[in-house]
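Me: I'm new to this one and would like to go through it with you. Could you take my questions one at a time?

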Amino acid sequence: ALTSSSMPNLYEFAHSDNVLYAKKVVSQTRGGTSGDGQMIVNTGLLPTKEGAVCFRYHTNKFPSISELYDKTFNIIPGGNSVWNQGRMNLAYSINSSLEVGLGDILKCNDKTLVDIFKTNYKNYNYGMLLTVSTHTPFEAVSSKSEMRTPDDMPIYLANYLKSFNYTDLSIKTIIDSIRKDEYLKQSVIVFTGDHTVFHKSQRESFNDYCKRNNLPYDVNEGYTSFIMYSPDIEGNIVIEEEAYQMDIYPTILNAIGCENYYWGGFGVNLLEEDVIKERK
């Protein structure tokens, strides 16, 4: 779950009006990791047991949210070679790729993600933006964060928190624009992670530190989050129960008024009251 100390801007946004926030989203990626995460969110499908879908099945034509729009784009660090994105664009019906070079796209070649986004978003009606700022080993951007961590905190955990803090600060202007820009006010906007960061063995290495500092910590928990803004959401919806990555797709379909699309996904619409409790 988000914390107000490491990601204050996204935390505040997740708890604001017109927003659904699912705290505990179980990652369902497998061998394709980030590529799988992109596929699950955009298609409502689940990955193969072995290998990466983006390399094994790139000639397929997938049902997808992007297929519902005629002018679509993505921004991906490293360009179309990453996760076989050039071919997967065709598979997902994404017809434009805005390449920004190698490295962290939150700031690349003196252009921020926000600059690129604002230059292009009104020319399209669907966009997917990816960042590697929070990718292991966290050394690329952790030094840019002004967040202070305890001296005895494991360095890997400290760099992880600093990377998320930097990312949070970088996307602040996007969050601010959602409330001010008339075009974005009428849009459905999603923030989510493609997969969890730490394997269980890594989480176990933080046990002693967390116990010593009385921090709430469960080594068996490894979640990502799902935050969705929609002008049609009344108030603030916070889901405390476990959800799944496959639930993101049908929830977005409902938010954009396309729940009758021929493929509804494997998951459930989180905007329906008590749907998770009913699934249990």
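Reply: Sure. One term first: buried means under 20% relative accessible area, exposed means over 50%, and partly exposed is what lies in between. Also keep in mind that this is a predicted model.

Me: Then let's use that. Is aspartate 176 buried, partly exposed or exposed?
Reply: Its relative accessibility is 26%. Buried needs under 20% and exposed needs over 50%. So aspartate 176 counts as partly exposed.

Me: Which residue does the side chain of aspartate 176 meet in a salt bridge?
Reply: The contact is 2.8 Å, N to O. The two residues are 4 apart in helix 8 (residues 172-180), so about one helical turn separates them. The partner is partly exposed too, at 31% relative accessibility. The side chain that aspartate 176 meets is that of lysine 172.

Me: How many salt bridges does the structure hold?
Reply: The one between aspartate 176 and lysine 172 is among them. Another joins arginine 212 and aspartate 152. The structure's count is 4.

Me: How many residues apart are arginine 212 and aspartate 152?
Reply: Their side chains meet in a salt bridge at 4.0 Å, N to O. That pair links distant parts of the chain: arginine 212 is in helix 11 (residues 207-212), while aspartate 152 is in the loop between helix 6 (139-142) and helix 7 (155-170). Arginine 212 counts as exposed at 52%, and aspartate 152 is partly exposed at 42%. Along the sequence, the separation is 60 residues.

Me: And glutamate 240, which residue's side chain does that one meet?
Reply: The salt bridge is 3.3 Å, N to O, and glutamate 240 itself is partly exposed, with a relative accessible area of 45%. The partner's side chain belongs to lysine 23.

Me: How far apart in sequence are the parts that glutamate 240 and lysine 23 tie together?
Reply: Their side chains meet in a salt bridge. Glutamate 240 sits in strand 9 (residues 236-244) and lysine 23 in strand 1 (residues 19-26), so the parts tied together are apart in sequence by 217 residues.

Me: Strand 1 makes me curious about strands. In what sense do strand 1 and strand 8 pair?
Reply: They pair over 6 bridges. One facing pair is alanine 22 and phenylalanine 226, the latter in strand 8. The sense of the pairing is antiparallel.

Me: How many of the residues of strand 8 are buried?
Reply: Strand 8 (residues 223-229) also pairs with strand 7, over 4 bridges in the antiparallel sense. It is largely enclosed by the rest of the structure, because the buried share is 6 of the 7 residues.

Me: Which residue in strand 8 does phenylalanine 191 stand opposite?
Reply: Along strand 7 (residues 189-192) the side chains alternate: Val190 and Thr192 point to one face and are not buried, while Ile189 and Phe191 point to the other and are buried. Across in strand 8, the residue opposite phenylalanine 191 is isoleucine 227.

Me: What about the loop after helix 11: how far apart in space are tyrosine 217 and asparagine 207?
Reply: Tyrosine 217 has its place in the loop between helix 11 and strand 8 and is partly exposed at 31%. In sequence, tyrosine 217 and asparagine 207 are 10 residues apart. In space, C-alpha to C-alpha, they are apart by 7.7 Å.

Me: Is serine 93 buried or exposed?
Reply: Serine 93 is in the loop between helix 4 (85-91) and strand 3 (97-99), and has a positive phi of about 65 degrees although it is not a glycine. Its relative accessibility is 15%. Since the cut-off is under 20%, serine 93 counts as buried.

Me: What phi does asparagine 18 have?
Reply: Asparagine 18 lies in the loop between helix 1 (8-14) and strand 1, and counts as partly exposed at 21% relative accessibility. It is not a glycine, yet its phi is positive, at about 65 degrees.

Me: Last one: which charge gathers in the surface patch with Glu278?
Reply: Glutamate 278 lies in helix 13 (residues 275-279) and is exposed, at 63% relative accessible area. Glu272, Glu273 and Asp274 join it in the patch. The charge there is negative.

Conventions:
Residues are numbered from 1 along each chain as its sequence is written. This is a predicted model: local features need pLDDT of at least 70, side-chain atom pairs count only at pLDDT 80 or more; totals for chains, interfaces and linings use all residues. Side-chain values use heavy atoms; hydrogens and water are left out. Buried means under 20% relative accessible area, exposed over 50%, partly exposed in between (1.4 Å probe, protein chains only). Two strands pair if DSSP finds at least two bridges between them. Patches are made of residues with over 30% relative accessible area and no salt bridge: like charges are joined within 9 Å, nonpolar side chains (Val, Leu, Ile, Met, Phe, Trp, Tyr) within 5 Å. Accessible areas come from the Shrake-Rupley method with a 1.4 Å probe; for residues, only the protein chains shown count as cover. Lys and Arg count as positive and Asp and Glu as negative; His and the chain ends are not counted. The place of a charge is taken as NZ of Lys, CZ of Arg, CG of Asp or CD of Glu.
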